[in-house]
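Reader: I would like to go through this structure with you at the level of single residues, taking charged pairs and buried positions in turn. Could you show it before we begin?

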Amino acid sequence: MPAIVTDKFRLLNCDNFIEKISLGGYYIFLGLPNAAYFDTNWDNIQPDPIDSELYLNSYRDTILGIKKITSSDVIRVISNNSWITGKKYDMYRHDYSVYNLSPIASATRLYDSVYYILNQDYRVYICLNNGSAPPNQNKGVVSTQQPLHTDVSPRKESDGYVWKYLYTISPADVLKFDSTDYITVPNNWTTTSDAEISRIRNNSVDGKIETILIEKQAQYNYFGTLGGVPIKGDGSGGEASITFDEESKPTSIEVTSGGVGYTYATLDLDSILPTLSGEKAIFNVIIPPTGGHGKNIYNELGATRALVYSRIENDSTNPDFIVGNQFSRIGIIKDIKAFQSNANFTQSSGSGVYAARMDTNTINETLDSKMTQTSSDGIGNLVSFDNTTQVLRYTQSRDNYVDTYAVGNVITIDYNYADSVSGIQSATTYNQSEFNNGANITIGINSYPIDTTFIGSSIVVGAANYYLGQEFNAGLSSPDINIKSGEIIYVDNRASVTRSSQQREDIKIILEF
């Protein structure tokens, strides 16, 4: 049976996602420090993430750290249509479809047409008329006059375009959510008490007619401008004036009273002026969005995308993300648990790696090298070492315990792989064992001692106090989070980025609903 999911459903999903963010539990994560281990050509061509439990579980294994997404970190966005002189634009119409394409973009739906613009002052306008009047019916003209006004009512420019001002992007949103391809839409439009937004929103009138198009001309016994032409439909109070040329044909229409409450309408010229030939002109009364222009700009502009922002940076209070190594994957995870707890993790950031405070400040080993500790059946991969604090951090991936390999496009797990790792993992158990403080850590052919006396979450070196981000006991620390928990809702494989203590990463994720 034919069916569709409407744009309103997509708008609702976007609204629901942003509302859920405000309730907490959503985090950005960085992961995969050793992408070349999985694919030597990773940095040239990143593989597409795969949505299956097998792959999602493996993605969790390499989570390095997470940072909370707050309500101020997410905002609705729409495509960036910057105004350009000499370009044609579509106009807002309620009737675009597969049977009535938008004239400029040839779009089958309003939200795919180019009917709004961003001007030089970061103001957003919607086009209510693109000069579609005889002889340019349904074609429009080029735009040569950039709209600059902030009037609550639409304004007609000298080039024939009619623009309705909607909002100005705030400087804070420009700085935080800047994007080449997208522009932001203010949060909480329908409920905020912001004076500028309220001015536009409160001026909207449900069912008020702003635009009437002449689809087809006919000859009438009139020359000049005829006022008081009624707009008939399920609303009331609408009137327009029509200008006729020397051939007695209608050439332009001005809505003199938009009325209220229209969801369908026609211009009733025939009731006051008969045609000369009997053939009638055809007019198209454009119906505004529910609530009127400016009432709900998410619906008016098709804000079905959300931009999620996160800044990852290192300082003395935020060491939850490793430095010196790479990350090659970012994602969004929700409801991740605290380590060895049934409660959700709630802190602003958290480490996803294990750590050991070493009794040496020199470890000259290649990052991502395998680490072992035979007394505890422990296996891990070195992800970072700070020779100032002497803190070593490592991950424990299932690939160190079982052989995960591809046959064609199918992933297989070989549980006999552990037999070949003598003295580290028995053939009857496949659980990742945590390292303990009873033996040195071996990396390659070298063995390094753990500082079994170290306890705490900070250390003084010289005159400086270093916060370590994790609580240590007898030289060892577990992650802040349980990486086997949580629901991964977004994954993006990227070319490897090497992190340093002086840099920061501004991460922007576009989610389309």
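Reader: Is Asp 335 buried, partly exposed or exposed?

Author: This is a predicted model, and every value here is computed from it. The relative accessible area of Asp 335 is 30%, and a residue counts as buried under 20% and as exposed over 50%. Asp 335 therefore falls in between, and its class is partly exposed.

Reader: With which residue does Asp 335 form a salt bridge, and how far apart are the closest N and O atoms?

Author: The partner has a relative accessibility of 22% and so counts as partly exposed. The salt bridge of Asp 335 is formed with Lys 334, and the closest N and O atoms are apart by 2.7 Å.

Reader: Which residues are joined into one network by salt bridges that share partners?

Author: The structure holds 21 salt bridges, and some of them have partners in common. Through these shared partners, one network is built from Asp 7, Arg 10, Arg 109, Asp 112, Arg 305 and Glu 512.

Reader: How are Arg 199 and Glu 196 placed along helix H5?

Author: The side chains of Arg 199 and Glu 196 meet in a salt bridge, at 2.9 Å from N to O. Arg 199 is partly exposed, at 32% relative accessibility, and Glu 196 is partly exposed as well, with a relative accessible area of 30%. Because the two are three residues apart in helix H5, which covers residues 195–202, their separation is about one helical turn.

Reader: Which residue forms a salt bridge with Arg 155?

Author: Arg 155 is itself partly exposed, at 36% relative accessibility. Its partner has a relative accessibility of 30% and therefore counts as partly exposed too. The closest N and O atoms of this salt bridge are 2.7 Å apart, and the partner is Asp 151.

Reader: What distance separates the end C-alpha atoms of helix H1?

Author: Helix H1 has 17 residues, and at 1.5 Å a residue these should span 24 Å. The distance in the model agrees with that expectation, the end C-alpha atoms being apart by 25 Å.

Reader: How wide is the arc that the buried residues of H1 cover around the axis?

Author: The buried residues of H1 are Arg 10, Leu 11, Cys 14, Phe 17, Ile 18 and Ile 21. They lie on the same side of H1, because the arc that they cover around the axis is only 120°.

Reader: Which residues are exposed on the other side of H1, and what is found just after the helix?

Author: What covers the buried residues of H1 includes strands S1, S3, S17, S33 and S34 together with helix H6. On the other side of H1, the exposed residues are Lys 8 and Leu 23. Just after H1 comes a residue with a positive phi of about 95°, namely Gly 24.

Reader: Which residues make the nonpolar surface patch of about 290 Å²?

Author: One member lies in the segment before helix H1, and this is Val 5. With a relative accessible area of 59%, Val 5 counts as exposed, since the cut-off is over 50%. The patch is made by Val 5, Phe 9 and Leu 12.

Reader: Is Val 77 buried or exposed?

Author: Val 77 lies in strand S3. Leaving aside neighbours within four places in sequence, Val 77 has contacts that include Tyr 182, Ile 183, Ala 303, Leu 307 and Ile 510. At 1% relative accessibility, Val 77 is therefore classed as buried.

Definitions and conventions
Residues numbered from 1 in each chain as written. Predicted model: local features only at pLDDT ≥ 70, side-chain atom pairs only at ≥ 80, totals over all residues. Heavy atoms only, no water. Patch = residues over 30% accessible without salt bridge, like charges linked within 9 Å, V, L, I, M, F, W, Y side chains within 5 Å. Areas by Shrake-Rupley, 256 points an atom, 1.4 Å probe, with all protein chains shown as cover. Salt bridge = Lys/Arg side-chain N within 4 Å of Asp/Glu carboxyl O. Helix = DSSP H or I, 4+ residues; strand = E, 2+ residues; numbered from the N terminus. Buried < 20%, exposed > 50% of the residue type's maximum accessible area, 1.4 Å probe, protein only. Expected span 1.5 Å × (residues − 1). Arc of directions from axis to C-beta. Contact = heavy atoms within 4.5 Å.
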